[in-house]
Amino acid sequence: MMKIRSVTPYVMQAGAPTETSWSAKGMSMSGSRCWCFVQVETDDGLCGIGEGSGWPLVVGAAIADLGQVLVGEDARNIDRLWHRMFVAQMGHGRTGVVGSGAIGAIDMALWDLNAKALGVPLWRMLGGKFRDRVRAYVHASSLETAQIAVAQGFTALKTGNIVDCVEKVAMLRGAVGPAIDIAVDLHGPPWLTAADAIAAAKALEPYALMFLEEPVPPEDVDGLARVRAATHLPLAAGERLSLLWGYRDLIDRQLVDIIQPDMGRVGGITQLRKIAALAEAHFIQVAPHAGTLGPVAEYAAIHMLASIPNGMIHERFLTDWPGREQAISQPLLLEDGHVVVPDRPGLGVELNHDFIEAHPPQRNVQAGGGHYLGSYAPGTAEERLYVQPRRARAAQFQIDKGNKA
């Protein structure tokens, strides 16, 4: 028996990456972000680590609360403990990304702990690996970043922003040529209506995208079905969802070609294995959302992508906040646009507690910076609408330019 002695959350403030798919000025939602880690220890001295997102400041409190129901339990029974945590939340209503983020962080730590106990890398516990390296794409909102990425061996890029996505794709495609895959992320702020998402998709069709990501808000499943019927572009979605049931509609109705579960939000490795299997049965690929997550969740994503047959591609930033590599014992190894699958026991990484403690958490909600507000139609930013019909649609989506490309 490996009796759980403690479950401890650690929340830290992290700086913004230098460039996202939305903006060449850093994060599109706020100037910084929080990361939430967890450490699970057993009576015999074993230790596993995990990471949760969704709303890290709140997830940290949820981890501390949930940890109380695990102390004294056998850490070897991972799926059983997952259900124990899930049932413990039932009195609070349906579990959202905060609850699933907390469960998932602890679940990740349990997988890490068990793999370490056996002295094997996590991918061994997941059934072995299909690939030694995982292909990655990087965010590129500027031509300079795209060119640097291609020179470093990356063969896939992602750009976005509702305001100028067609113009940016045209610029990138002209610069990097047809051999480089390009994805476009349309997720808010503000979200598109289904009609405007279809207009954007039509304008982007000539560029043969790798995928079009989140064209409508996650609540608008019927709107996603409308987009699905109107375009031949591969569609991707799912980063804001959690748990197997949250993905059932997208997968069962085959509304997407790629699902994008967030490694720190989906409900843990236990849930992602089941989601990936359901997706496989419907010929749907898996490309986890990982851009703004911390380094521990990225390790977990690589182990998952290596171990499933429908693992498509990994998301990351070309350059990130320098403290990212200081928060952990060692960064992932990159080779020619791929991430090398770690071979060390467990996840293959440890926390740097001194560095984490030196960066106490502050705020982790959308701050409404200039590049964020610039996504709204002129004169409407202060309304802060969740969904906003586009104005000056022909100019907005550059329909004529897109169709001539």
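Is alanine 276 buried or exposed? Select it and have a look: this is a predicted model, and in it alanine 276 is buried, with a relative accessible area of 1%. The residue belongs to helix H10, which covers residues 269–281. Now show what surrounds it. Leaving aside residues up to four places away in sequence, alanine 276 touches Val286, Ile308 and Asn310. Add glycine 311 to your selection as well: 35 residues separate it from alanine 276 along the chain, yet their C-alpha atoms are 8.3 Å apart.

Next, move to strand E1, residues 4–15. Nine of its 12 residues are buried, so the strand is largely enclosed by the rest of the structure. Colour strand E2, residues 32–42, too: E1 and E2 run antiparallel and are joined by 11 bridges. To follow one pairing, pick isoleucine 4, whose bridge partner in E2 is threonine 42.

From here, step into the largest nonpolar core. It has 113 residues, and Ile106 and Met263 touch the most other members. Select isoleucine 106 and its contacts: not counting residues up to four places away in sequence, these are Val7, Val38, Val40, Ile63, Leu66, Leu70 and Met85. Another core, of nine residues, lies apart from the largest one; Ala156, Ala183, Met210 and Ala287 are among its members.

Finish on the outside with tryptophan 55, found in the loop between strand E3 (47–52) and helix H1 (56–67). Tryptophan 55 is partly exposed, with a relative accessible area of 40%. Add Leu57, Val58 and Val365 to see the nonpolar surface patch that they form with Trp55, with about 300 Å² of accessible area together.

Terms used:
Residues are numbered from 1 along each chain as its sequence is written. This is a predicted model: local features need pLDDT of at least 70, side-chain atom pairs count only at pLDDT 80 or more; totals for chains, interfaces and linings use all residues. Side-chain values use heavy atoms; hydrogens and water are left out. Patches are made of residues with over 30% relative accessible area and no salt bridge: like charges are joined within 9 Å, nonpolar side chains (Val, Leu, Ile, Met, Phe, Trp, Tyr) within 5 Å. Accessible areas come from the Shrake-Rupley method with a 1.4 Å probe; for residues, only the protein chains shown count as cover. A salt bridge is a side-chain nitrogen of Lys or Arg within 4 Å of a carboxyl oxygen of Asp or Glu. Helices (H or I, at least four residues) and strands (E, at least two) are DSSP runs, numbered from the N terminus. Buried means under 20% relative accessible area, exposed over 50%, partly exposed in between (1.4 Å probe, protein chains only). Two strands pair if DSSP finds at least two bridges between them. A nonpolar core is a set of buried Ala, Val, Leu, Ile, Met, Phe, Trp, Tyr and Cys residues joined through side-chain atoms within 4.5 Å. Contact means heavy atoms within 4.5 Å.
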